[in-house]
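Reader: Before we start, I would like each label in this model tied to its cut-off. Please show me the structure.

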Amino acid sequence: MHKHFKQGRAWIELDMQALEHNVAVLSSRLPEGCELMPAVKANAYGHGAALISKALNKLGVQSFCVATAQEGAELRHQGVRGLILVLGYTHPEQFSLLDYYDLTQTVVDFDYAQLLSAYGTPLKVHIGIDTGMHRLGERYDDIERICEMLRAENLCVDGIYTHLCVSDTPDKADRDYTLAQGKAFWSLVAELRSRGFCIPKAHLLGSYGLLNYPELGGNYARVGIALYGVLSDASDKEHCPCDLRPVLSLKSRVSSVRQLYKGERAGYGLCYTAQEERKIAAASIGYADGLPRALSCAVGNVLINGCKAPIVGRICMDQLLVDVTGVTDIQSGDVITIIGASGDESITVYDIASEAHTITNEVLSRLGARLERIVR
Ligand SMILES: *Cc1c(COP(=O)(O)O)cnc(C)c1O
């Protein structure tokens with residue numbers, strides 16, 4: 001496809017060197033016997049699941065996790081090889097996808113094991129265990145039920161896993177809770193193995209688990225956000241033991257520049273008023289591309305030709321307005337950086353997440369399908 005077409009209106013640039021670097025630094029933290037199982041759900045946190053997964057395949061990564069069977073099927077269509085674990089619920093009407101695309105399904109609880117087994121053909125599964133998050137998984141202390149799940153006729157149980165829910169915070173109570181989750185999980189696994197069940201793989205670490213509790217071990221680290229080179233919140237950077245590099249930049253273009261006279265107002269609801277003569281530019285990106293509308297009215301900024309400029313007025317579905325009075329050299333077609341660097345300035349996904357009162361995971365994963373994704 002023609003390069004300039006791809007960078008026409010609004011796009012994501014992926015820095016695959018940064019991805020490779022993150023794979024290397026995170027791999028160096030893996031406990032003995034543990035491999036990366038990147039979380040490429042939600043279009044690889046907005047980055048583009050096929051591009052990211054295929055790049056990871058080339059770097060030797062052979063296991064992935066996704067949220068839905070549809071996401072897994074799409075990766076297979078794109079030629080992604082290796083284990084694909086579906087972390088979330090798949091409706092029985094879609095069990096055939098698991099079968100057809102060789103996906104491994106999470107057994108979300110005891111009743112679900114019966115549904116999977118009733119499908120009739122053997123399906124690959126990992127059994128989910130609830131050690132305290134109380135979202136998915138069978139209770140860790142209901143050993144009899146877990147044994148029954150392991151014995152279910154059509155389940156090929158390749159693994160068992162749990163999920164940590166407070167591994168991101170350093171305070172004592174959360175540390176104790178996380179260690180208790182680890183203990184509950186590993187005692188269960190030991191008990192099941194001592195009863196003669198074959199459980200090839202066991203895993204419990206996500207990004208924060210790997211960063212803060214590598215000693216909890218396991219055969220896979222289901223790393224999402226950290227692989228993309230960021231943490232969920234800027235405040236977590238202080239105690240991050242790894243040098244992570246952001247993979248994604250987000251860009252769009254100046255579509256039109258105009259002068260406003262003193263007192264003139266702009267945008268939906270006329271929320272912006274020029275207090276004196278100002279120059280404003282329209283940018284070709286909006287909330288339908290995933291940019292939080294909360295950045296409206298000078299909450300957020302963009303970069304143009306190395307200058308920081310505030311977003312003014314209300315962000316529209318496909319466009320937004322920027323006060324570019326301070327940008328001397330600007331014309332239609334210029335690149336606008338929403339996330340990334342321009343000259344000496346940069347805007348991070350942390351800036352956007354904090355301005356929108358959310359975490360980086362949400363900002364990234366909402367970046368829209370309409371954005372082109374290109375490898376830099
Ligand atoms: C999303 C998810 C992960 C990855 O989480 P990160 O914090 O982004 O690394 C791991 N395990 C489960 C069960 C998940 O749902």
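Reader: What makes the pair formed by Arg135 and the ligand a polar contact?
Author: A polar contact is a pair of N or O atoms within 3.5 Å; within protein, one must be able to donate a hydrogen and the other to accept it, and residues adjacent in sequence count only if both atoms are side-chain atoms. An N or O atom in the Arg135 side chain is 3.5 Å from an oxygen atom of the ligand, so the pair meets the cut-off. For the side chain of Arg222, the distance to a nitrogen atom of the ligand is 2.9 Å. Gly224 uses a backbone N or O atom, 2.8 Å from a ligand oxygen. Of the 390 Å² of accessible area that the ligand has on its own, the protein covers 86% (Shrake-Rupley method, 1.4 Å probe; for residues, only the protein chains shown count as cover).

Reader: What are these values based on?
Author: This is a predicted model, where local features need pLDDT of at least 70 and side-chain atom pairs count only at pLDDT 80 or more, while totals for chains, interfaces and linings use all residues. Residues are numbered from 1 along each chain as its sequence is written, and side-chain values use heavy atoms, with hydrogens and water left out.

Reader: How do you know that β11 and β14 pair?
Author: Strands are DSSP runs (E, at least two residues), numbered from the N terminus, and two of them pair if DSSP finds at least two bridges between them. Strands β11 and β14 (residues 278–283) have 6 bridges and are antiparallel, so they pair. Val254 has Ala283 in β14 as its bridge partner.

Reader: Which strand do 5 bridges join to β11?
Author: That is β1 (residues 10–14), antiparallel to β11 (residues 248–260). Leu14 stands opposite Leu248.

Notes: Helix = DSSP H or I, 4+ residues; strand = E, 2+ residues; numbered from the N terminus.
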